[in-house]
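Hi,

Here is the structure I promised to pass on. Have a look at it first, and then read my notes below.

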Amino acid sequence: MQIESFLNGSYLRVGTTSSSKESSSASTQKKQEENASTLTTAEKNVVVELQAIDTKVRAHESAHIAAGGGVIRSGAVFSYEKAPDNKLYAVAGEVGIDTSEGSTPEETIRKMQTVRAAALAPSDPSPTDYQVASTASMFQMLAQLQLSKLKQAELLVANKEHYNASNNE
């Protein structure tokens, strides 16, 4: 083992030399092989199932992140389960998505389209994903209604001005 220090000794870095890294890696691999060979068939099946779930969960959360763009508040957070091979496998996950309204109806409409796309991005959306998409659709409809009311008010004012101008001539 080699110990390095710098920054006036206020930071210590403990590392291993390359030869001990290789032996440590070989030792770890050997232990994993021994552990794998001591697992029963049922335990091996559990490990295979957890590996598949882990892959699926990670792909699911990655799809949210890839489609979410600017509405993603946080990276994926996973819940893990320890398998008979003593490894942790992701069995559930979540990604924080910002579902707050925008500062204008137009911004809210664009934002909620992105939120809905992010929520429904995985090939197998969860009930929570559908709920988030539904909430985004509701906010989008409300923003469209608000935008329609604003446009209607503008048209009424324009028509009234046109009417007054026509009658004054």
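What follows is a short tour of the pocket, the salt bridges, a surface patch and one backbone oddity.

One thing to keep in mind before you start: this is a predicted model, not an experimental one.

**The pocket**

Let's start with the largest pocket, which holds about 320 Å³ of space. Its lining is made up of 17 residues, and the ones closest to the pocket centre are His60, Glu61, His64, Gly93 and Asp129. If you want to find the walls on screen, colour helix 2 (41-68), strand 4 (88-94) and helix 4 (127-168), since each of them supplies at least two lining residues. Helix 2 gives the most, with five residues. As for chemistry, the lining is a mix: six nonpolar, six polar and five charged residues.

**The salt bridges**

How many salt bridges does a search of the whole structure find? It comes up with three.

Two of them involve helix 2, so keep that helix coloured. Arginine 58 and aspartate 54 meet through their side chains at 2.9 Å, N to O. These two residues sit four apart in helix 2, which means about one helical turn separates them. Are the two partners buried or exposed? Arginine 58 is partly exposed, because its relative accessible area is 32%, whereas aspartate 54 has 12% and so counts as buried, the cut-off for buried being under 20%.

The next pair is lysine 56 with aspartate 124, with 3.6 Å from N to O. This bridge links distant parts of the chain: lysine 56 belongs to helix 2, while aspartate 124 is in the loop between helix 3 (105-119) and helix 4, 68 residues apart. Lysine 56 is exposed, at 52% relative accessible area, and aspartate 124 is partly exposed, at 30%.

The remaining pair is lysine 111 and aspartate 98, whose closest N and O atoms are 2.9 Å apart. Lysine 111 is in helix 3 and aspartate 98 is in the loop between strand 4 and helix 3, so this bridge ties together parts that lie 13 residues apart in sequence. Here the lysine is the buried partner: lysine 111 has a relative accessible area of 15%. Aspartate 98 is partly exposed, with 21%.

**A nonpolar patch on the surface**

Now turn the model to look at Met138, Leu142 and Leu145. Together they form a nonpolar surface patch with about 280 Å² of accessible area. Leucine 142 is part of helix 4, the helix that also supplies at least two residues to the pocket lining. Why does leucine 142 count as partly exposed? Because its relative accessibility is 46%, and partly exposed covers what falls between under 20% and over 50%.

**One unusual backbone angle**

Last stop: asparagine 86. Most residues other than glycine have a negative phi. Asparagine 86 is not a glycine, yet its phi is positive, at about 65°. You will find asparagine 86 in the loop between strand 3 (77-82) and strand 4. Asparagine 86 is exposed too, because its relative accessible area is 53%, and the cut-off for exposed is over 50%.

That's the tour. Happy to go through any of it with you on screen.

Cheers

Key. Residues are numbered from 1 along each chain as its sequence is written. This is a predicted model: local features need pLDDT of at least 70, side-chain atom pairs count only at pLDDT 80 or more; totals for chains, interfaces and linings use all residues. Side-chain values use heavy atoms; hydrogens and water are left out. On a 1 Å grid over the protein atoms alone, a cavity is a set of points where a 1.4 Å probe fits but cannot get out, and a pocket is an open set with protein on both sides within 12 Å along at least five of seven lines; lining residues have an atom within 4 Å of a point. Grid points are joined across faces, edges and corners, and a volume is the space filled by probe spheres set on the points. Ala, Val, Leu, Ile, Met, Phe, Trp, Tyr, Cys and Pro count as nonpolar, Asp, Glu, Lys and Arg as charged, and the others, Gly among them, as polar. Patches are made of residues with over 30% relative accessible area and no salt bridge: like charges are joined within 9 Å, nonpolar side chains (Val, Leu, Ile, Met, Phe, Trp, Tyr) within 5 Å. Accessible areas come from the Shrake-Rupley method with a 1.4 Å probe; for residues, only the protein chains shown count as cover. A salt bridge is a side-chain nitrogen of Lys or Arg within 4 Å of a carboxyl oxygen of Asp or Glu. Buried means under 20% relative accessible area, exposed over 50%, partly exposed in between (1.4 Å probe, protein chains only).
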